[in-house]
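Work through the exercises below with the model open beside you, and try each task before you read its solution.

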Amino acid sequence: MLMYPEDETCPICRKTCMDKYGEHAVHCKELPGFKYRHDWVRDVLGDILRRAGISAKKEAPVNFLTDPMEGRSTLRPADLLLFGWAGGKHACRVCSRTRRQAIRKAESKKVDKHAKACADNQHAFVPFAFDTFGSLAPEAIRLLTRVQKVVHNSCSSTGGQGFVFNRLGFAIQKGVAAQLVARLPALLM
């Protein structure tokens, strides 16, 4: 179903042209739910790691993740810091959510932005990119597959085979739903 005429300007951010299917509505940075979705997925993944017995810290102040485009240190925390995750090194995980067509590009941008700083500080970097409909970038799949193995090995129940992927997929969809609900008044006007 088409939601917008092609090339209509977003009524919220007034910057971006809407695509005819309204996909911009679930990733517009000006919408209240945008940061909520990021934080919700981070929190759910942190909870999954905790339940699996994997030591991790949310919003860990690593003091070396910066935005090279800004030319100054932003002292950005890692969304999640996984202790001893990659060959004994701590792994910084930074979340990225993007449009359906740009998932690999988002993953690559995160690597370009943070991997060298992590390596220079004896940390591994694990990008975690997902799109608006729950598809995961290859590195995110590798991370979750490894977490799933830890969960499976530590649980005696056979019902938990898809626990990690199912729970995270639900978290992504809940975030999308929150954004759509936040957008409803604007759509009905």
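The exercises that follow concern a predicted model, and each solution goes step by step.

**Exercise 1. The overall layout**

Determine how many helices and strands the chain has, and in which order the elements run.

Solution. Begin by counting the elements, which gives 4 helices and 4 strands. Next, follow the chain from the N terminus, where the elements run α-β-β-β-α-β-α-α. Then turn to burial: of the 189 residues in the chain, 43% are buried. Finally, look at the contacts with a separation of 6 or more, of which 55% join residues 24 or more positions apart.

**Exercise 2. The length of a helix**

Check whether the span of helix α3 agrees with a rise of 1.5 Å a residue, and then find which of its residues are buried.

Solution. Helix α3 covers residues 138-154, which makes 17 residues. The expected span is 1.5 Å times one less than the number of residues, so helix α3 should span 24 Å. The end C-alpha atoms of the helix are 25 Å apart, which agrees with this expectation. As for burial, the buried residues in α3 include P138, A140, L143, L144, V147, Q148 and V151. An α-helix has 3.6 residues a turn, so residues three or four places apart point the same way.

**Exercise 3. The nonpolar cores**

Find which residues of the largest nonpolar core touch the most other members, and which elements supply this core.

Solution. The largest nonpolar core holds 25 residues, and those touching the most other members are L45, W85, F128 and V147. At least two residues of this core come from each of α1, β2, β4, α3 and α4, and the largest share, 6 residues, is that of α1. Another core, of 7 residues, lies apart from it, and V62, A78, L81 and C92 are among its members. As background, nonpolar side chains in soluble globular proteins tend to be buried together.

**Exercise 4. Salt bridges**

Compare the places of the partners in three salt bridges: D43 with K58, D47 with R167, and K116 with D120.

Solution. The whole structure contains 9 salt bridges. In the pair of D43 and K58, the closest N and O atoms are 3.1 Å apart. D43 lies in helix α1 and K58 in strand β1, so this pair ties together parts that are 15 residues apart in sequence. The two residues also belong to a network of salt bridges that links D39, R42, D43, K58 and E59.

The second pair, D47 and R167, meets at 2.7 Å from N to O, and it links distant parts of the chain, since D47 is in helix α1 and R167 in helix α4, 120 residues apart. With a relative accessible area of 14%, D47 is below the 20% cut-off and therefore counts as buried, whereas R167, at 26%, is partly exposed.

The third pair, K116 and D120, meets at 2.8 Å, with both residues in helix α2, 4 residues apart, or about one turn of the helix.

**Exercise 5. Positive phi values**

Locate E59 and Q122, and state for each whether it is exposed or partly exposed.

Solution. Most residues other than glycine have a negative phi. E59, however, has a positive phi near 50 degrees; this residue lies in strand β1 and is partly exposed, with a relative accessible area of 35%. Q122 has a positive phi near 55 degrees; its place is in the loop between α2 and β4, and at 55% relative accessible area Q122 is exposed.

Technical notes
Residues are numbered from 1 along each chain as its sequence is written. This is a predicted model: local features need pLDDT of at least 70, side-chain atom pairs count only at pLDDT 80 or more; totals for chains, interfaces and linings use all residues. Side-chain values use heavy atoms; hydrogens and water are left out. Buried means under 20% relative accessible area, exposed over 50%, partly exposed in between (1.4 Å probe, protein chains only). Contact means heavy atoms within 4.5 Å. A nonpolar core is a set of buried Ala, Val, Leu, Ile, Met, Phe, Trp, Tyr and Cys residues joined through side-chain atoms within 4.5 Å. A salt bridge is a side-chain nitrogen of Lys or Arg within 4 Å of a carboxyl oxygen of Asp or Glu.
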